[in-house]
Amino acid sequence: MATTTAATAPAKMRALQYDAYGEGAAGLKHVEVPVPSAKKNEVLLKLQAATVNPVDWKIQKGEMRPLLPRRFPFIPVTDVAGVVVDVGPGVKDLAAGDQVVAMLNSLNGGGLAEYAVAPANLTVKRPPTVSAAEGAGIPIAAGTALQSLRSIGAKFDGTGKPLNVLITAASGGVGLYAVQLAKLANLHVTATCGARNMDLVKSLGADEVMDYRTPEGASLQSPSGKKYDGVVHCTVGVSWSTFKPLMSSSGRVIDITPNFSAILTGGLHKVTFAKKRMVPLLLWPNKADLEFLVGLLEKGKLKTVIDSRFPLSEATKAWQSSIDGHATGKIVVEMES
């Protein structure tokens, strides 16, 4: 049986929501709405931190219609950390008081608020050594980096081959996790980013770092002449024809923000059994990956690079910062107590 939330959660909470496509940060409205309740296999969280990902404002722009959002008004953001206030029926391994990291259901959103309901199967315990902000950075960004590297053939148990990988936009939310995870898998990492972030990307383990604004960086060619077994492609505006000559005989370009052309190219490669391939990636959120990534944070083997922090009352600034696209690492919204 679910416990009642009356003693531990108020009836209403502060949140930000939008009620139409478009409008950007100006479309986010501060509201007071009822605190949701945990249903079967769900947990109610008092949120401490959330992170804004590009997919959040792309949903607002209408790029995911008609799938997302499911209905208006919509409280956006899925990547959160907080404390369990209540558990719904069927939840066995979580209890009130647990500090957690969670990915909310994309259909329902809910992260820009003081409380949110999370699926128990996408909620993992957060050790005391991992801050709420560090944990909230993980679900989409680190999850995408991890699954991209696995798609290339990276192994994290010491059994993998020493592959050569290119990570584009390596100083962004996904890129900074991808660099660190690639090094944990003993890969040789070539990375591109802006000049101001080259030292940071190097410090996280990249073997070769190029300024994407230079001719060398724009060419994407490895300075040491290596062919890439895989690319974690975290930016836009690079065609398959640019990648193809840089790839090893069975190299894969994992495109985390595929446009229609990339999806068509990937489909063509699949049906023609091409050895060199473009592979559009759609994140498959799962508890095992979340636990693995939070464990790496706990051991100090992975870190969340935080670009900026905003209180919930200034979440529109966080939203605009993500839209502007120049963040180095994660943009965090912290819930005032």
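Select Gln-99 to begin, and note that it is partly exposed, since its relative accessible area is 32%, a value that falls between the 20% limit for buried and the 50% limit for exposed. Gln-99 belongs to strand S5, which covers residues 99-103, and everything described on this tour belongs to a predicted model. With Gln-99 still selected, show its surroundings: leaving aside residues up to four places away in sequence, Gln-99 touches Gln-48, Gly-82, Val-83, Val-124, Lys-125 and Arg-126. Two of these neighbours deserve a look at the level of side chains, for the side chain of Gln-99 makes a polar contact of 3.2 Å with the side chain of Gln-48, and a polar contact of 2.6 Å joins the side chains of Gln-99 and Arg-126. If you also mark Val-130, which is 31 residues from Gln-99 along the chain, you will find the C-alpha atoms of Gln-99 and Val-130 separated by 9.9 Å.

Before going further, colour the model by pLDDT. The mean for the protein is 94, and 98% of its residues reach 70 or more; over residues 1-7, however, the pLDDT is below 50, and this stretch has seven contacts in the model beyond near neighbours in sequence. Where pLDDT is low, the predicted coordinates should not be read in detail.

Next, select helix H1, residues 54-61, in which Asp-56, Trp-57, Lys-58, Ile-59 and Gln-60 are buried. What do the buried residues of H1 pack against? Display strand S3 (42-52) and helix H10 (315-324), and you have both of the elements against which they pack. Just after the helix, stop at Gly-62, which follows H1 and has a positive phi, near 100 degrees. From here, select Lys-61 and Glu-63, which form a salt bridge whose closest N and O atoms are 3.3 Å apart; Glu-63 is partly exposed, with a relative accessible area of 46%.

That pair is one example from a longer list, as a search of the whole structure finds seven salt bridges. Side chains of opposite charge can pair when their charged atoms come close. For another example, select Arg-150 and Asp-289, whose side chains meet in a salt bridge at 2.7 Å, N to O. This pair links distant parts of the chain, with Arg-150 in helix H3 and Asp-289 in helix H9, 139 residues apart. Is each partner buried or partly exposed? Arg-150 counts as partly exposed because its relative accessibility is 38%, whereas Asp-289, at 9%, counts as buried.

Keep Arg-150 on screen and add Phe-292, because the next stop shares both residues. The charged end of Arg-150 sits over the ring of Phe-292, 5.8 Å from its centre. Phe-292 also takes part in an aromatic pair, one of five that the count comes to: the rings of Phe-156 and Phe-292 have their centres 5.8 Å apart and their planes at 65 degrees, so the pair is edge-to-face. Here too distant parts of the chain are linked, with Phe-156 in the loop between helix H3 (138-152) and strand S8 (164-167) and Phe-292 in helix H9 (residues 287-299), 136 residues apart. Phe-156 is partly exposed, with a relative accessible area of 22%, and Phe-292 is also partly exposed, at 28%.

For the next group of rings, select Tyr-18, Tyr-21, Phe-72, Phe-74 and Trp-319, which form one aromatic cluster. Then add Arg-65, which lies over the face of Tyr-21, at 4.0 Å from the ring centre.

Now move to Lys-183 and Asp-207, whose side chains meet in a salt bridge of 2.9 Å, N to O. Lys-183 is in helix H4 (residues 173-184) and Asp-207 is in the loop between H5 and strand S10 (208-211), so that this pair, 24 residues apart, links distant parts of the chain. Lys-183 is partly exposed, with a relative accessible area of 27%, and Asp-207 is partly exposed as well, with 37%.

The last stop is Asn-197, found in the loop between strand S9 (188-193) and helix H5 (198-203). Asn-197 counts as buried because its relative accessibility is 8%. Not counting residues up to four places away in sequence, Asn-197 touches Ser-171 and Thr-328, and with Ser-171 there is a polar contact between the two side chains, at 3.3 Å.

Technical notes. Residues are numbered from 1 along each chain as its sequence is written. This is a predicted model: local features need pLDDT of at least 70, side-chain atom pairs count only at pLDDT 80 or more; totals for chains, interfaces and linings use all residues. Side-chain values use heavy atoms; hydrogens and water are left out. Helices (H or I, at least four residues) and strands (E, at least two) are DSSP runs, numbered from the N terminus. Buried means under 20% relative accessible area, exposed over 50%, partly exposed in between (1.4 Å probe, protein chains only). A polar contact is a pair of N or O atoms within 3.5 Å; within protein, one must be able to donate a hydrogen and the other to accept it, and residues adjacent in sequence count only if both atoms are side-chain atoms. Contact means heavy atoms within 4.5 Å. Rings of Phe, Tyr and Trp (its six-membered ring) pair if their centres lie within 6.5 Å; planes under 30 degrees apart count as stacked, over 60 as edge-to-face and the rest as tilted. A charge sits over a ring if NZ of Lys or CZ of Arg is within 6 Å of the ring centre and within 35 degrees of the ring normal. A salt bridge is a side-chain nitrogen of Lys or Arg within 4 Å of a carboxyl oxygen of Asp or Glu. pLDDT is the predictor's confidence in each residue, from 0 to 100.
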